[in-house]
Amino acid sequence: MIPRSVSSFASCYKGPFRFHQKLTFSSSRAPSENAFHKFLANNKEWHQKTSSDKPDLFPSCAKGQAPPVLWLGCSDSRVPETTLCNAQPGDIFVHRNIANIISSHDMSSQSVIFYAVNALKVKHIVICGHTSCGGVVAALGKGKIGGTLDGWLLPIRELRANLAAKGAFEGKDDKEQVLTLVSANVQRGVDVVRKNPEVMKAQEERGLTVHGCIYDVGSGQLTELDTGEGHEDLKQRMEHFKVG
């Protein structure tokens, strides 16, 4: 059963977007501007320390990239893939959008996948969802979000409807329902990526693997989901979706 009321899309979001409020300015810097200049200062410190600790890193990055991993994740600021994986610049090729929705009709994500698989020759593709995902929370509710987000989240709403018809939410509290939908959305993304012709070709030719993960924003832990497919499922996928 879908809860009648679910928390808002994000803690700062209170309803349909409005752009007509009167804007006021003061002579002092706005908090967001302070944050920006702080980041600039942080970058100088990071650059100096990294250059000292790892003198070959930036010259190596200047020569090109050969990341072993393509990360397809959510735009959420709490899920920075390079940080949570303790990786370095050049380790992970990245595409992120709201609620990590992967669609064969989305030219942005499909272009990233094509380039990562064919040009960069990545060895792994990771589809990563996360707990407390605002997009998933919004898709569980029935309220209008506004702007382009209602259309963007339609695939997750459709997924929600399918799960509800199967009783997947029965007996679960709001948090458990969100996690159920987050997991299902990751599995759906894995399925879409595995049906990509370029991905299937790379799987056959060089063993490219596709993974599904969930990141817990409350603990900092990344967990791999069981998204494996049986021999018969693999056979059917290759039979129906492989082209060329």
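**A friendly first tour of the model**

1. Val-182 has a relative accessible area of 3%, so this residue counts as buried. Helix α8 is where you will find Val-182. If you follow the chain, His-130 is 52 residues away from Val-182, yet the two C-alpha atoms are separated by 6.8 Å. Please keep in mind throughout that what you are looking at is a predicted model.

2. From there, a look at the nonpolar core is a good next step. Which residues have the most contacts inside the largest nonpolar core? They are Leu-70, Ile-125 and Val-193, in a core of 40 residues. Several helices and strands give two or more residues to this core, among them strands β1 (69-74), β3 (124-130) and β4 (209-216). On the helical side, α4 (107-118), α5 (134-140), α7 (154-165), α8 (174-194) and α9 do so too. The element that gives the most is α8, with seven residues. As general background, nonpolar side chains in soluble globular proteins tend to be buried together.

3. Strand β1 also holds Cys-74. Is Cys-74 buried or exposed? Its relative accessibility is 7%, so Cys-74 counts as buried. You may like to display Cys-74 together with Arg-96: their C-alpha atoms are 4.9 Å apart in space, while their positions lie 22 residues apart in sequence.

4. Arg-96 comes up again among the salt bridges, of which the whole structure has five. The partner of Arg-96 is Glu-81, and their side chains meet at 3.2 Å, N to O. This pair links distant parts of the chain, with Glu-81 in helix α3 (residues 81-84), Arg-96 in strand β2 (residues 92-97), and 15 residues separating them. The two partners also fall into separate accessibility classes: Glu-81 is buried at 9%, whereas Arg-96 is partly exposed at 27%.

5. A second salt bridge to look at joins the side chains of Arg-78 and Asp-76, at 2.7 Å from N to O. Arg-78 has a relative accessible area of 39% and is therefore partly exposed. Asp-76 counts as buried because its relative accessibility is 15%, which is under the 20% cut-off.

6. Where do salt bridges join into a network? Lys-144, Asp-150 and Arg-157 are linked in this way. Within the network, the closest N and O atoms of Lys-144 and Asp-150 are 3.6 Å apart. Lys-144 itself is exposed, since its relative accessible area is 62%.

7. The surface also carries a positive patch. Lys-121, Lys-123, Lys-201 and Arg-206 form it. One of these residues, Lys-201, sits in helix α9 (residues 197-206). With a relative accessibility of 44%, Lys-201 counts as partly exposed, and this is over the 30% that a patch member needs.

8. Two backbone angles deserve a moment of your time. Most residues other than glycine have a negative phi. Asn-86 is not a glycine, yet its phi is positive, at about 55°. The loop between α3 and β2 contains Asn-86, and a relative accessibility of 68% makes this residue exposed.

9. The other angle belongs to Ala-99, also not a glycine, with a positive phi of about 70°. Ala-99 lies in the loop between β2 and α4. Is Ala-99 buried or exposed? Its relative accessibility is 1%, so Ala-99 counts as buried. Viewed together, the two loop residues make a neat contrast: Asn-86 is exposed, whereas Ala-99 is buried.

Technical notes
Residues are numbered from 1 along each chain as its sequence is written. This is a predicted model: local features need pLDDT of at least 70, side-chain atom pairs count only at pLDDT 80 or more; totals for chains, interfaces and linings use all residues. Side-chain values use heavy atoms; hydrogens and water are left out. Patches are made of residues with over 30% relative accessible area and no salt bridge: like charges are joined within 9 Å, nonpolar side chains (Val, Leu, Ile, Met, Phe, Trp, Tyr) within 5 Å. Accessible areas come from the Shrake-Rupley method with a 1.4 Å probe; for residues, only the protein chains shown count as cover. A salt bridge is a side-chain nitrogen of Lys or Arg within 4 Å of a carboxyl oxygen of Asp or Glu. Lys and Arg count as positive and Asp and Glu as negative; His and the chain ends are not counted. The place of a charge is taken as NZ of Lys, CZ of Arg, CG of Asp or CD of Glu. Helices (H or I, at least four residues) and strands (E, at least two) are DSSP runs, numbered from the N terminus. Buried means under 20% relative accessible area, exposed over 50%, partly exposed in between (1.4 Å probe, protein chains only). A nonpolar core is a set of buried Ala, Val, Leu, Ile, Met, Phe, Trp, Tyr and Cys residues joined through side-chain atoms within 4.5 Å.
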